[in-house]
Amino acid sequence: MTQKSNPQDQAFSVAVPAGFDAQAIPIHEVCASQSKVAAHVLDPFNLRDRFQSPPVWQPEITDENRQVIAAEIIQRRQAAGKVTRAAVLIPLLLKSDGLSVLLTQRTDHLHDHAGQISFPGGRMDPGDFSPNDTALRESEEEIGLNRAGVEIIGHLPQYLTVSGYSVTPVVGLVKPQAEYVLDAFEVADVFEVPLHFLMDPANHQVRVWESDQGSRRFYSMPYENRFIWGATAGMLRNLYHLLKV
């Protein structure tokens, strides 16, 4: 999720410190004992039905105390007149061998979340009518994604972040493009991960970071030479919980 840096925002955030290495944090557990999402559920037709008629399910909060802190930070930012609403697109690429998730790798020089893997997205602009507008606009700006090739099929619950944002994950079926035009300042690369890999809990790791602020529990989903973690992994976990039912 793209966020332009603002020095004043630092007072409203308890995000990880600069230079934090999530991969160096020990693995607490791997979720291999949890149910894998059935292959037929990952078919585009069944995904549409799942979002149109969702079952009863419970979103996951990776660290309840941090969620409380995030809500407080968001309230303080709102009171100060700062933008707190954001949206990301979870792009599910329609591939001949099954759906893949399109992800971005942020550039290393950014102040916020440098080098991290994220979904295309960012803050809501005043001209955005809905989270859908934000997700599509940001995806177009960041990676040149043609909005005409995106079919939005639903949303996941809002995801609160300790950087002070309430993020709406917008889920869309996307026609693959021959190439993506990257915003060179913000996006270093785009890549694909098979959806079945991300929906297999055997690939979900729980890591626990101990610091002066206490412990912080987060998910990671390493794939080849990519390290998916934090809010991106948290949103993918919620997609998993919706689809596993």
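## Exercises on a predicted chain

The chain exposes about 11600 Å², and carbon and sulfur atoms supply 50% of that (areas by the Shrake-Rupley method with a 1.4 Å probe; for residues, only the protein chains shown count as cover). This is a predicted model, where local features need pLDDT of at least 70, side-chain atom pairs count only at pLDDT 80 or more, and totals for chains, interfaces and linings use all residues. Residues are numbered from 1 along each chain as its sequence is written, and side-chain values use heavy atoms, leaving out hydrogens and water.

**Exercise 1.** Work out whether Thr168 is buried or exposed, and what is in contact with Thr168.

*Solution.*
- Start with the location: Thr168 sits in strand S8, residues 165–174 (strands are DSSP runs of E, at least two residues; helices are runs of H or I, at least four; both are numbered from the N terminus).
- Next, check the cover. The relative accessible area of Thr168 is 10%, so Thr168 is buried (buried means under 20%, exposed over 50%, partly exposed in between, with a 1.4 Å probe and protein chains only).
- Now look around. Beyond its neighbours within four places in sequence, Thr168 is in contact with Ala86, Ala87, Val88, Pro131, His155 and Gln158 (contact means heavy atoms within 4.5 Å).

**Exercise 2.** Check the span of helix H3, then find which strands its buried residues pack against.

*Solution.*
- H3 covers residues 131–143, which is 13 residues. The expected span is 1.5 Å times one less than the number of residues, so 18 Å should come out, and the end C-alpha atoms are indeed 18 Å apart.
- Among the buried residues of H3 are Pro131, Leu136 and Ile143.
- The buried residues of H3 pack against S2, S3, S5, S6, S8 and S9.
- Just after H3 comes Gly144, with a positive phi near 70°.

**Exercise 3.** In what order do the strands of the open sheet run, and which stand at the edges?

*Solution.*
- The order is S1-S10-S11-S12, 4 strands with antiparallel pairing (two strands pair if DSSP finds at least two bridges between them).
- S1 (27–30) and S12 (226–229) each have a single partner strand, so they stand at the edges with one side lacking a neighbour in the sheet.
- From one strand to the next, the twist averages 35°.
- Zoom in on S10 (205–211) and S11 (214–223): 7 bridges join them, and Ser211 stands opposite Gly214.
- Finally, helix H5 (230–244) packs on the sheet, touching S11 and S12, with its direction at about 75° to that of S11 (axes are lines fitted to C-alpha atoms, for helices over the stretch in contact; angles run from 0 to 180 degrees between N-to-C directions).
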